[in-house]
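Let's take a walk through this model together, one region at a time. Keep the viewer open and follow along.

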Amino acid sequence: MATPKELVQQAMSQSHPSAIPVMCQMANGHTIINTRVHPIDYFTSNEVWADCLMKMRALYDFDGILCHKPGRVQGLTNLVERVDYDAEMPTLYLKDGARIECTRDDDAYYKKPPGFAYPTLETIDFDHPLDWAPESFRAFQASKATFDYCTPEGIPDHVFGTLDRLIAKAGNDYSVHGEVRAPLDHFLNLVGMEEGLMLMLDNPDGTLRLLEKTTQWSVALAVAQVRRGAHAIKISSPFAGMGFLAPAMYEKFIIPFERRIARAVKAEGAFVYTHTCGAIGDRLDLMVQAEVSGIECLDPPPLGNVDLCDAVKQLNGRIFIKGNVDPVNTLLRGDAEKVRRDVTEILETAGHDMQGFILSSACSVAPPVKPDNLKLMVDICRRFKP
């Protein structure tokens, strides 16, 4: 009988696994709520975060674990002036006036210091695009895996504090996946969301020049994680759907750069898949052109616009797919009957004919989702015969 890791391997290599593997990405808030860990410990400790991810895998009997950032930020506490550990909103107050709010049911949020301003493409240093930023901003971006390491060899060991622990504890039996931000995601965090989207229209040459640098960051981190034992790499590319980019812009600003990540990961012998939220029904073929091994989310209506039956027809034999249980209307708002009906329909649509299929929530499992709904989803999958 195949191990959980072997089932995921079979699916990602499109060899029609003997059973459908299942694993989901957890929203940070869902993990915090269901492990009852303190959010500041969750945000600052490699040991705590690794333990939380292990507990969540065991809670739901997943076949794999997504380590969506490789580790916590070394030296962050040196920037902290004081900590409000017991507040309703636990907060790290930083010496430059910034603060990091570690919510009890969501992500941590960076609140900018006085006088904070993003650079323009006229003022940014293209060779060192983070040099403009306050130290607190650089530290928070490092917690999201944005830092200016351009080669795998140049990344210090401490960056991988969580990933290394997970691979040591679970990597033989379960599929442990790393993650990198897409080059466009780095770009938008360097120059600001609204300004970045406008720059793609007003200064495409400058945008492409900066994307060249941020692609180096993503490639370096992806390759380094594979060399440390990651079974696959997820490219987090949330701002590449129809709500943000037209297909022509996707071809120009996404495909060439994510393709370089895909080729680098595959050259190391691992798998790589793109995670894009929302409506992507018009660009499935474009996503394949990025040469990734798989696509994640495939949000169904009303969250997105992917018809799973159509996606299977388009993608079967070309790529694996991971999804596409509605995380809001099925897992969050649905009762047991709706979970049973929706998950069964998805398995019947993709589980028999799709050569590579992993059952998952389309996007992250929301913080207030009832664990019983996820457990039921997994149980239905375990009983399904491909």
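Does Asn329 count as buried or partly exposed, and why? Asn329 counts as partly exposed because its relative accessibility is 22%, and the cut-off for buried is under 20%. Bear in mind that this is a predicted model. Asn329 sits in helix H14, which covers residues 327–332. Setting aside residues up to four places away in sequence, Asn329 touches Pro302, Leu303, Gly334 and Lys338. Pro301 is another residue to look for here: 28 residues separate Asn329 and Pro301 in sequence, and their C-alpha atoms are 9.8 Å apart in space.

For a contrast, turn to Asn46, which is found in helix H4. Asn46 is buried, because its relative accessible area is 14% and buried means under 20%. With residues up to four places away in sequence again left out, Asn46 touches Gly71, Arg72, Gly161, Thr162 and Arg165. Two of these names lead us on to helix H6 (residues 161–170), where Gly161 and Thr162 are buried, as are Leu163, Leu166, Ile167 and Ala170. The buried residues of H6 pack against helix H4 (46–60), S1, S6 and helix H9 (204–227).

Strands S1 and S6 bring us to a sheet. This open sheet has seven strands in the order S1-S6-S7-S8-S9-S10-S11, and the pairing is parallel. At its edges are strand S1 (64–66) and strand S11 (357–361), each of which pairs on one side only. From one strand to the next, the twist averages 25 degrees. Zoom in on strand S6 (residues 175–181) and strand S7 (residues 232–236), and you will find five bridges between them in the parallel sense. Val180 is a handy place to start, since Ile235 is its bridge partner in S7. Helix H1 (residues 4–12) packs on this sheet, touching S6, S7, strand S8 (271–275), strand S10 (320–325) and S11. The direction of H1 makes about 50 degrees with that of S6.

Now for the other sheet. Here four strands form an open sheet in the order S2-S3-S4-S5, with antiparallel pairing. Strand S2 (80–84) and S5 are the edge strands, each pairing on one side only. The twist in this sheet averages 15 degrees from one strand to the next. S2 pairs with strand S3 (residues 91–94) in the antiparallel sense over four bridges, and Arg82 has Tyr93 in S3 as its bridge partner. Helix H5 packs on the sheet and touches S3, S4 and S5, with its direction at about 160 degrees to that of S5.

Further along, strand S4 (residues 99–102) and S5 run antiparallel and are joined by four bridges. The connection between S4 and S5 is a hairpin of five residues, and Glu101 stands opposite Tyr109 in S5. What do the side chains do along S5? They alternate: Ala108 and Tyr110 point to one face and are buried, whereas Tyr109 and Lys111 point to the other and are not. That fits a general pattern, in which side chains in a regular strand alternate between the two faces of the sheet.

Ala108 also takes us to the largest pocket, as it is among the residues closest to the pocket's centre, along with Lys69, Asp107, Lys144 and Arg181. The volume of this pocket is about 1000 Å³. Its lining has 42 residues, which divide into 20 nonpolar, 11 polar and 11 charged. The elements that give two or more residues to this lining are helix H2 (28–35), helix H3 (39–44), strand S5 (108–111), helix H5 (135–143), S6, helix H7 (183–191) and S7.

Last comes enclosed space. How many cavities of 30 Å³ or more does a search of the whole structure find? The search finds one, and the largest cavity has a volume of about 100 Å³. H4 and S1 are the elements that give two or more residues to its lining. Among the lining residues are Leu53, Met56, Arg57, Gly64, Ile65 and Leu66. By type, the lining of this cavity divides into seven nonpolar, three polar and one charged.

Conventions. Residues are numbered from 1 along each chain as its sequence is written. This is a predicted model: local features need pLDDT of at least 70, side-chain atom pairs count only at pLDDT 80 or more; totals for chains, interfaces and linings use all residues. Side-chain values use heavy atoms; hydrogens and water are left out. Two strands pair if DSSP finds at least two bridges between them. Axes are lines fitted to C-alpha atoms, for helices over the stretch in contact, and angles run from 0 to 180 degrees between N-to-C directions. Contact means heavy atoms within 4.5 Å. Buried means under 20% relative accessible area, exposed over 50%, partly exposed in between (1.4 Å probe, protein chains only). On a 1 Å grid over the protein atoms alone, a cavity is a set of points where a 1.4 Å probe fits but cannot get out, and a pocket is an open set with protein on both sides within 12 Å along at least five of seven lines; lining residues have an atom within 4 Å of a point. Grid points are joined across faces, edges and corners, and a volume is the space filled by probe spheres set on the points. Ala, Val, Leu, Ile, Met, Phe, Trp, Tyr, Cys and Pro count as nonpolar, Asp, Glu, Lys and Arg as charged, and the others, Gly among them, as polar.
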